[in-house]
Amino acid sequence: MEGPAMKVVVDMNKCQDHGQCVFAAPDVFQLDDDGRLAYTGEPGDALRAEVEEAADVCPLQAIRIEG
């Protein structure tokens, strides 16, 4: 039996749309047409390594992984 799914939380008050997460995990993070961050909140465990890398490279440490 699997545990709870990974959940990605971005503190949009901290995020300044640098886009480093987009390079680290493009399947989870994108910049929209206005250059603002958009992301998948529950991307699935197969992308955990990419999401962890994105959290590590975020200059403002605005990305948190739960689960």
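**Figure 1. The two sides of helix α2 in the predicted model.** The face of α2 turned away from its buried side carries Ala 49 and Asp 56, both exposed. The structure shown is a predicted model. Helix α2 covers residues 48-57, and its buried residues are Val 51, Ala 54 and Ala 55. Viewed down the axis of α2, these buried residues fall within an arc of 100°, so they line one face of the helix. An α-helix has 3.6 residues a turn, so residues three or four places apart point the same way. What do the buried residues of α2 pack against? Their partners are β1 (7-10), α1 (20-24), β2 (29-31) and β4 (63-66).

**Figure 2. The whole chain, as a setting for the close-ups.** The protein has 2 helices and 4 strands. Along the sequence these elements come in the order β-α-β-β-α-β. With a radius of gyration of 11 Å, close to the 11 Å that the globule rule gives for 67 residues, the protein is as compact as a globular protein of that length. A box of roughly 40 × 20 × 15 Å, taken along the principal axes, is filled by the C-alpha atoms. Of the 67 residues, 30% are buried. Take the contacts between residues at least 6 apart in sequence: 61% of them join residues at least 24 apart.

**Figure 3. The surface and the charges.** The protein exposes about 4,400 Å², and carbon and sulfur atoms supply 47% of this area. How many positive and negative charges does the protein have? There are 5 positive and 14 negative charges, and the mean positions of the two sets are 9 Å apart.

**Figure 4. Ala 38 in strand β3.** Strand β3 is made of residues 37-39, and Ala 38 belongs to it. Is Ala 38 buried, exposed or partly exposed? Its relative accessibility is 30%, so Ala 38 counts as partly exposed. Leaving aside neighbours within four places in sequence, Ala 38 is in contact with Val 28, Phe 29 and Gln 30. Val 10 lies 28 residues from Ala 38 in sequence, and the C-alpha atoms of these two residues are 9.5 Å apart in space.

**Figure 5. Asp 17 and Gly 19 in the loop between β1 and α1.** Asp 17 is found in this loop, and so is Gly 19. Most residues other than glycine have a negative phi. Asp 17 has a positive value, with phi near 60°. At 17% relative accessibility, Asp 17 counts as buried, since the cut-off for that class is under 20%. Gly 19 is also buried, with a relative accessible area of 7%. How far apart in space are the C-alpha atoms of Gly 19 and Ala 54? The distance is 9.4 Å, while the two residues are 35 residues apart in sequence. Ala 54 is one of the buried residues of α2.

**Figure 6. Lys 14 and its partners.** Lys 14 is found in the loop between β1 and α1. With a relative accessibility of 41%, Lys 14 counts as partly exposed. Which residues does Lys 14 touch, not counting those up to four places away in sequence? They are Leu 60, Gln 61 and Ala 62. Leu 60 is 46 residues from Lys 14 in sequence, and their C-alpha atoms are 6.5 Å apart in space.

**Figure 7. Gln 61 in the loop between α2 and β4.** Gln 61 is found in the loop that joins these two elements. Phi of Gln 61 is near 50°, a positive value in a residue other than glycine. Gln 61 is partly exposed, and its relative accessible area is 47%. Lys 14 is in contact with Gln 61.

**Figure 8. Gln 20 in helix α1.** Gln 20 is placed in helix α1. Its relative accessibility of 35% makes Gln 20 partly exposed. Leaving aside neighbours within four places in sequence, Gln 20 is in contact with Val 57 and Pro 59. Val 57 falls within the range of helix α2, residues 48-57. Leu 31 is 11 residues from Gln 20 along the chain, and 10 Å separate their C-alpha atoms.

Notes
Residues numbered from 1 in each chain as written. Predicted model: local features only at pLDDT ≥ 70, side-chain atom pairs only at ≥ 80, totals over all residues. Heavy atoms only, no water. Rg over C-alpha atoms; globule rule 2.2 N^0.38 Å. Buried < 20%, exposed > 50% of the residue type's maximum accessible area, 1.4 Å probe, protein only. Contact = heavy atoms within 4.5 Å. Areas by Shrake-Rupley, 256 points an atom, 1.4 Å probe, with all protein chains shown as cover. Lys, Arg positive; Asp, Glu negative; His and termini not counted. Charge placed at Lys NZ, Arg CZ, Asp CG, Glu CD. Arc of directions from axis to C-beta.
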